[in-house]
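User: I am new to this structure and would like to learn how to read the way helices pack against one another. Could you take me through it step by step?

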Amino acid sequence: MQVKVTRRKTCRLCDGSRLELVVPLAPTPVAEKYATKEELHQPTPSYPLDLYICRDCGHVQMLDVVDPAFLFADYTYQSGKTKKIVEHFDEIAETTLRRYNITGGLAVDIGSNDGTLLSRFKLRGMRVLGVDPAKEIAAKATESGVPTITDFMSLGLAKKIKQEHGAASVVCAFNVFAHNDDIAGMAESIRALLAPGGVFVFEASYLLDILDRMLLGTIFHEHVSHHSVKPMVSFLKRHGLELIDVQRNSIQGGSIVGTVQLVGGPHPVAKTVGDLLEIEQARKLDQPETLKKFSQDLQKLKGQLEAMMADLKRQGKTIWGFGAARSGTTLIAQMNLAKVITHIVDDSPDKQNKFSPGDHIPILPTKALYEQMPDYVFILAWIHAQPIINNNRAYLERGGRFILCVPEIRVVGPDDLEKK
Ligand SMILES: [Zn+2]
């Protein structure tokens, strides 16, 4: 399949052209495209994943953009399937409405997925409307009571929504704010849609956490931006928007939830914004050297891991992977694990009996671990490392070992189990 890849020449946030390559990475297949047996004969191309920094505003981003229609059309991720995410969304809805005195009106979610976030606003008396390009998931959301428009958000669509449903008291964009190549267009849509006094709430993975916790697994083609607060503040200002609060959380490894109003809006700017700006300045987050150091650390980790894997292979040990997640594709490509890991297990029936993107490593149900007892299992779904370890005590007790690689290499045996 021929997929369109375009390459930007300017910064996604400020349009500046002084872009510097800071984290070169191995080209990688699209992370979510696990292949069926019938698709195995089709070649799987790899696409660049390199990160650049803008010398003008400090925004860290990918410049190569894989056609979003290909990336998102058959997206299978569903937020409602993870209990922690549902609780997180519930808290977001509660806090947003309470803190900004919003007692009714319309809530719009851009990239609304299965409608989980909007359902929490609906529970609290809001009218809701989702926008999401993934057909199947959007249809499911509509069926479950969250009407969803199957499309990408655009200025035209924002104006149409406003005309038909009125201005929005709340607009959300959870994680899609890191997914959109045309983020300026998205900001203009949000400005057009927001009611005076309304708020826009977004969540994005946070650059500082990526650096501090070596969150390599969060770098994949959907994440064209890796946000930090400083470039975001000036970007929003240029689009008539103002960041009024920013909170950190560790749900997806390390993210920020930002709240935004129209410039001149009624809400005061919380201290959290200035606090994070100060931390970013102290950490030189907008400097190319900081990112280059991260890149060097990654290379060091890769070297250590390669040496360890080669040693295990020499001893004749079998090594499998756990978790057919998007992060797994990145980890396999960047850590050079395609020739090391022979099988991947996953709890989800949707992934079982498929093959990893590009390398075509077979995905088996988790029970295969117990039937074949590989010596080591490398955890690819790093966010879920602890539950994976806890759920598979029996594998460890029978002599198996887990390997983790971020933020550092660690071999986990039965002694590391959390006491019940
Ligand atoms: Zn810039």
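**Reading helix packing**

Analyst: Let us begin with one pair, keeping in mind that this is a predicted model. Helix α5, which covers residues 155-165, packs with helix α6, residues 183-193, at an angle of about 15°, and their axes are 8 Å apart.

User: How is that angle to be read, and which word describes the directions of α5 and α6?

Analyst: An angle under 35 degrees counts as roughly parallel, and therefore α5 and α6 are described as roughly parallel to each other. The crossing of these two helices is right-handed.

User: Which residues make the contact?

Analyst: On the α5 side they are L155, A158, K159, I161 and K162, while α6 contributes G185, E188, S189, A192 and L193. Sorted by class, this contact of α5 with α6 holds five nonpolar, two polar and three charged residues.

User: At what angle do α2 and α3 pack?

Analyst: Helix α2 (residues 83-99) and helix α3 (residues 116-123) pack at an angle of about 45°, with 9 Å between their axes. Because an angle that falls outside the roughly parallel, antiparallel and perpendicular ranges counts as oblique, α2 is oblique to α3.

User: What is the handedness of the crossing of α2 and α3, and which residues meet there?

Analyst: The crossing of α2 and α3 is right-handed. From α2, the residues I85, V86, F89, D90 and A93 meet T116, L117, R120 and F121 of α3, and by class this contact has six nonpolar, one polar and two charged residues.

Note on methods
Residues are numbered from 1 along each chain as its sequence is written. This is a predicted model: local features need pLDDT of at least 70, side-chain atom pairs count only at pLDDT 80 or more; totals for chains, interfaces and linings use all residues. Axes are lines fitted to C-alpha atoms, for helices over the stretch in contact, and angles run from 0 to 180 degrees between N-to-C directions. Helices (H or I, at least four residues) and strands (E, at least two) are DSSP runs, numbered from the N terminus. Angles under 35 degrees count as roughly parallel, over 145 as roughly antiparallel, 65 to 115 as roughly perpendicular and the rest as oblique. A crossing is left-handed if the near helix is turned anticlockwise from the far one by less than a right angle, and right-handed if clockwise. Two residues are in contact if their C-beta atoms, placed from the backbone, lie within 7 Å. Ala, Val, Leu, Ile, Met, Phe, Trp, Tyr, Cys and Pro count as nonpolar, Asp, Glu, Lys and Arg as charged, and the others, Gly among them, as polar.
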